[in-house]
Amino acid sequence: MSAVVGAAVLCAGSAAWLTVGGRDGVLRRARGLAGTAEPGPAAVGVRWRRGLAVVRDRLRPELWCLVGGLVIAFLGESLVPLAVGALGIPVAGRARKAGWARRERERRAEQVIAVCGALAGEVRAGRQPGEALCDVAGDAFGAARGAVLAAVRFGGDVPGALRAAGREPGAEGLLGLAACWRVAVDRGAGLAAGLERLEEVLRTERDQRSDLRAQLAGARSTAVLLAGLPVMGLLMGTALGADPLRVLLHTGAGLGCLAVGAALEGVGVWWALRIMRGAEER
């Protein structure tokens with residue numbers, strides 16, 4: 001089994017070396033045909049740093065699951081951790097995308113609040129609402145920005161365009177802006193006063209979400225700590241000379257315990273995160 005793991009590691013390293021080395025060889029041959037000289041050490045260092053920066057930016061964080069599985073597979077002389085690491089890549093990818101979507105929602109919500117406040121100030125200063133909206137629009141409208149600006153400039157259905165933009169995640173405050181616009185146009189009510197109230201309500205909701213997230217930070221930290229206890233147990237067993245990896249990966253009872261423990265661990269983490277996510281949504 002160690003020979004199989006060693007062969008897998010050797011193949012992965014050879015593929016990476018051939019990829020980088022082959023590209024460098026092609027570049028060297030191209031320079032030779034062009035008659036240019038080899039770059040100096042400083043230029044080579046700069047290019048290496050740029051290449052490492054590009055690799056670091058393009059390398060997906062979830063690929064570290066595969067790297068960790070490869071290391072544990074080498075230490076435990078088994079392909080089971082490598083398979084588990086490969087299966088963990090899509091799960092980590094979904095978690096990364098969910099975090100990115102959450103940050104995007106929060107950023108858009110902040111932009112909507114800023115648009116409401118800026119628009120209220122412009123209207124208070126005496127500017128026309130349509131002209132002021134075109135100036136303060138920014139990125140709060142997302143993909144519907146063009147439709148909103150077109151409706152404002154060419155006399156279209158501005159509240160309808162704002163409602164369409166408010167369907168984007170995090171831009172729900174635009175539904176209130178659409179309602180304020182509709183009331184101001186149909187009934188002649190003050191748009192600035194409605195926008196100021198809307199901004200206050202949106203800021204209050206944002207502060208409540210921030211306070212709730214801060215209160216749940218302790219529970220989230222406890223869940224992460226409990227999830228990491230099995231790893232600490234394995235490290236302690238290894239330090240005491242018990243060799244837990246060999247027991248878990250090379251015996252029937254160990255594989256059964258590993259499967260049951262991993263299933264319970266996954267269900268526990270999922271359930272804890274679901275509870276916290278439900279509290280945040282409510």
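In the predicted model, Trp-64 belongs to helix 3, which spans residues 63-76. With a relative accessible area of 56%, Trp-64 lies above the 50% cut-off and is therefore classed as exposed. On the surface, Trp-64 joins Val-67, Val-71, Phe-74 and Leu-75 in a nonpolar patch, and these residues together present about 540 Å² of accessible area. In soluble globular proteins, by contrast, nonpolar side chains tend to be buried together.

Such burial is seen elsewhere in the chain, where the largest nonpolar core comprises 35 residues, and where Leu-119, Leu-133, Phe-141 and Leu-162 have the most contacts inside this core. Two or more residues are given to the core by each of helix 4 (80-124), helix 5 (129-136), helix 6 (145-153), helix 7 (158-165), helix 8 (173-187) and helix 9; the greatest contribution comes from helix 4, which supplies seven residues. The surroundings of Leu-162 illustrate how this core is connected: when neighbours within four places in sequence are left aside, Leu-162 is in contact with Phe-141, Val-148, Leu-174, Leu-177, Ala-178 and Trp-181.

Two residues of helix 4, Arg-108 and Val-112, were examined individually. Val-112 has a relative accessibility of 1% and, since this falls under the 20% cut-off, is counted as buried. Beyond residues up to four places away in sequence, Val-112 touches Ala-140, Gly-170, Ala-171, Gly-173, Leu-174 and Leu-202. The position of Val-112 is also described by its relation to Glu-199, from which Val-112 is 87 residues apart along the chain, with 8.7 Å separating the two C-alpha atoms.

Arg-108, although it carries a relative accessibility of 10%, likewise counts as buried because this value is under 20%. With residues up to four places away in sequence again excluded, the contacts of Arg-108 are Asp-139, Ala-140, Gly-142, Glu-168, Pro-169, Gly-170 and Ala-171. Ala-140, Gly-170 and Ala-171 thus appear in the contact lists of both Val-112 and Arg-108.

Confidence varies along the model. The protein chain has an average pLDDT of 77, and 79% of the residues score at least 70. Among its elements, the highest mean pLDDT, 87, is found for helix 9 (residues 191-239), whereas the lowest, 45, is that of helix 1 (residues 2-34). Across residues 1-38 the pLDDT remains under 50, and for this segment the model contains 22 contacts beyond four places in sequence.

Methods
Residues numbered from 1 in each chain as written. Predicted model: local features only at pLDDT ≥ 70, side-chain atom pairs only at ≥ 80, totals over all residues. Heavy atoms only, no water. Patch = residues over 30% accessible without salt bridge, like charges linked within 9 Å, V, L, I, M, F, W, Y side chains within 5 Å. Areas by Shrake-Rupley, 256 points an atom, 1.4 Å probe, with all protein chains shown as cover. Salt bridge = Lys/Arg side-chain N within 4 Å of Asp/Glu carboxyl O. Helix = DSSP H or I, 4+ residues; strand = E, 2+ residues; numbered from the N terminus. Buried < 20%, exposed > 50% of the residue type's maximum accessible area, 1.4 Å probe, protein only. pLDDT = per-residue confidence, 0-100. Contact = heavy atoms within 4.5 Å. Core = buried A, V, L, I, M, F, W, Y, C linked by side-chain atoms within 4.5 Å.
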